[in-house]
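Open the model in your viewer and keep the sequence panel beside it. The stops below say what to select and what is found there.

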Amino acid sequence: MFGEVLRHFREAAGLTQEELSNKIPCDRSQVARVEAGTRIPQDTFAKQCDELLGTGGVLLRLWGRIDWYPEVQHPDWFERRAEMDAKAVALREYQEQVMPGLLQTSDYAHALFSRRGTDSDEVESRVRARLSRQPRFLVEGGPLYVAVLDESCLRNAVGSLETMRAQCAHLLSVGQRPNIRIQVAPAELFGLVRPLSSVSLIELADERWVYSESLDRGHFNNDPAAYVRHSQTYDVLRADALSARESAALISDVMEGYEQHGQARTQHGDLDQEQLQRRKRRQLHRGGAHLDEEQLQRRQRRQLHRSSPRYPRRRPRT
């Protein structure tokens, strides 16, 4: 139903799927899959389409009325954690290397599960299960959710450059919600004390839990002393990390870097055959006519790598 309504407004605006995707921006395949009913959109997608197509907010209102995840199945070892997310009154997390599941975009989650060698059907099932945990925290009046991200979450590329750019944009969008705060722990900030691994502090109506993970296994601890100890470490980290506003500035810088790097790659890919032949002849001239083809290709790759753009890790402006 959502896909049919989206298609109606897109065609009424005289836009193709590719033209709409360029304006959002996102991959054309995402628009096609949403319209076909095979990809669940996020609320930010619905809001952007409303603005671009002049619907008066129809798509976002429709998005909020649809039960997108009537049936999902979490891995057995994670089921208990998913049940806690459904009842939590507050959740605080520290995450390193990859984005927290509650903040992942659909494309980011797809790329993450795909690189683990999971078959396509299983990937779709896992992504749906992961995204099903998010709506409760994204609606008006949702539970408090505070996420402190190690900078490695932003720098560790998962999927394409466009996937990472869109993931950063998603962080900036959800971070504006009144119940969500996203902070970054910079890699180069001296003296910053981080937890030993990713950890979640889950507050339910009548109890509090410390949750962490190892490979395909969840660890739960409701010992009050353990909760106090981990909570103190977390609160000190949050106080010393960048503020939410400073973190947004850093995320914006990283997002801009992914965008610029992607544009530069496109420019490299647009070199026509004649340009490549000229480059090959110049390299042959500099390196001598006796270089074999394998040596030439290695040199070309090194040259392209040296000439690829570099973007600085600009620190946020206070």
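## The whole chain

The chain contains 15 helices and six strands. This is a predicted model. Of the 318 residues in the chain, 42% are buried. Now turn on contacts and set aside pairs that are under 6 apart in sequence: among contacts between residues at least 6 apart, 72% join residues at least 24 apart.

## Stop 1: helices H1 and H3

Select residues 2–12, which form helix H1, and residues 28–36, which form helix H3. Their axes come within 6 Å and cross at roughly 120°. Because of that angle, H1 counts as oblique to H3.

Show the side chains where the two helices touch. On the H1 side, these belong to Phe-2, Gly-3, Glu-4, Leu-6, Arg-7 and Arg-10, and they meet Val-34, Glu-35 and Ala-36 in H3. Coloured by type, the residues of this contact divide into four nonpolar, one polar and four charged.

## Stop 2: a cis peptide bond

Go to Pro-25, in the loop between helix H2 (17–23) and H3. Is the peptide bond from Ile-24 to Pro-25 cis or trans? The bond is cis, with omega near -10°. As background, most peptide bonds are trans.

## Stop 3: Glu-83

Select Glu-83 in helix H6, residues 79–87. With a relative accessible area of 44%, Glu-83 is partly exposed. Then add Arg-133 to the selection: Arg-133 and Glu-83 are 50 residues apart along the chain, and their C-alpha atoms are separated by 9.2 Å.

## Stop 4: the loop between E1 and H7

Strand E1 covers residues 90–95, and the loop between E1 and H7 holds Gln-97. Leu-103 has its place in the loop between E1 and H7 as well.

Select Gln-97. Its phi is positive, about 75°, although Gln-97 is not a glycine. Most residues other than glycine have a negative phi. Gln-97 counts as partly exposed because its relative accessibility is 44%.

Move on to Leu-103. Is Leu-103 buried or exposed? Its relative accessible area is 1%, so Leu-103 is buried. Leaving aside neighbours within four places in sequence, the residues in contact with Leu-103 are Gln-134, Tyr-145, Ala-147, Gln-167, His-170, Leu-171, Val-174 and Ile-182. Also mark Phe-137, which is 34 residues from Leu-103 in sequence, with 9.9 Å between the two C-alpha atoms.

## Stop 5: helix H7

Select residues 106–114, helix H7. Seven of the nine residues of H7 are buried, and the helix is mostly covered. The buried ones are Ser-106, Tyr-108, Ala-109, His-110, Ala-111, Leu-112 and Phe-113. What do the buried residues of H7 pack against? They pack against H8 and helix H11 (161–174).

## Stop 6: where H7 meets H8

Keep H7 on screen and add helix H8, residues 120–131. The two axes come within 9 Å and cross at roughly 135°. H7 is therefore oblique to H8. The crossing of H7 past H8 is right-handed.

Show the side chains again. Ser-106, Ala-109, His-110, Leu-112, Phe-113 and Ser-114 are the H7 residues of this contact, and they meet Val-123, Glu-124, Arg-126, Val-127, Arg-130 and Leu-131 in H8. These residues divide into six nonpolar, three polar and three charged.

## Stop 7: helix H8

Hide H7 for a moment and look along H8. From its first C-alpha to its last, the 12 residues of H8 reach 16 Å, close to the 16 Å expected at 1.5 Å a residue. Which residues of H8 are buried? They are Val-123, Arg-126, Val-127, Ala-129, Arg-130 and Leu-131. An α-helix has 3.6 residues a turn, so residues three or four places apart point the same way. Bring H7 back and add helix H9 (135–138): what covers the buried residues of H8 includes both.

## Stop 8: the turn at Asp-216

Finish at Asp-216, in the loop between strand E5 (208–214) and strand E6 (217–221). Asp-216 is not a glycine, yet its phi is positive, about 55°. Its relative accessible area is 54%, so Asp-216 is exposed.

Note on methods
Residues numbered from 1 in each chain as written. Predicted model: local features only at pLDDT ≥ 70, side-chain atom pairs only at ≥ 80, totals over all residues. Heavy atoms only, no water. Axes fitted to C-alpha atoms, helices over the stretch in contact; angles between N-to-C directions. Helix = DSSP H or I, 4+ residues; strand = E, 2+ residues; numbered from the N terminus. Parallel < 35°, antiparallel > 145°, perpendicular 65-115°, else oblique. Left-handed = near helix turned anticlockwise from the far one by under 90°. Contact = heavy atoms within 4.5 Å. Nonpolar A, V, L, I, M, F, W, Y, C, P; charged D, E, K, R; others polar. Expected span 1.5 Å × (residues − 1). Buried < 20%, exposed > 50% of the residue type's maximum accessible area, 1.4 Å probe, protein only.
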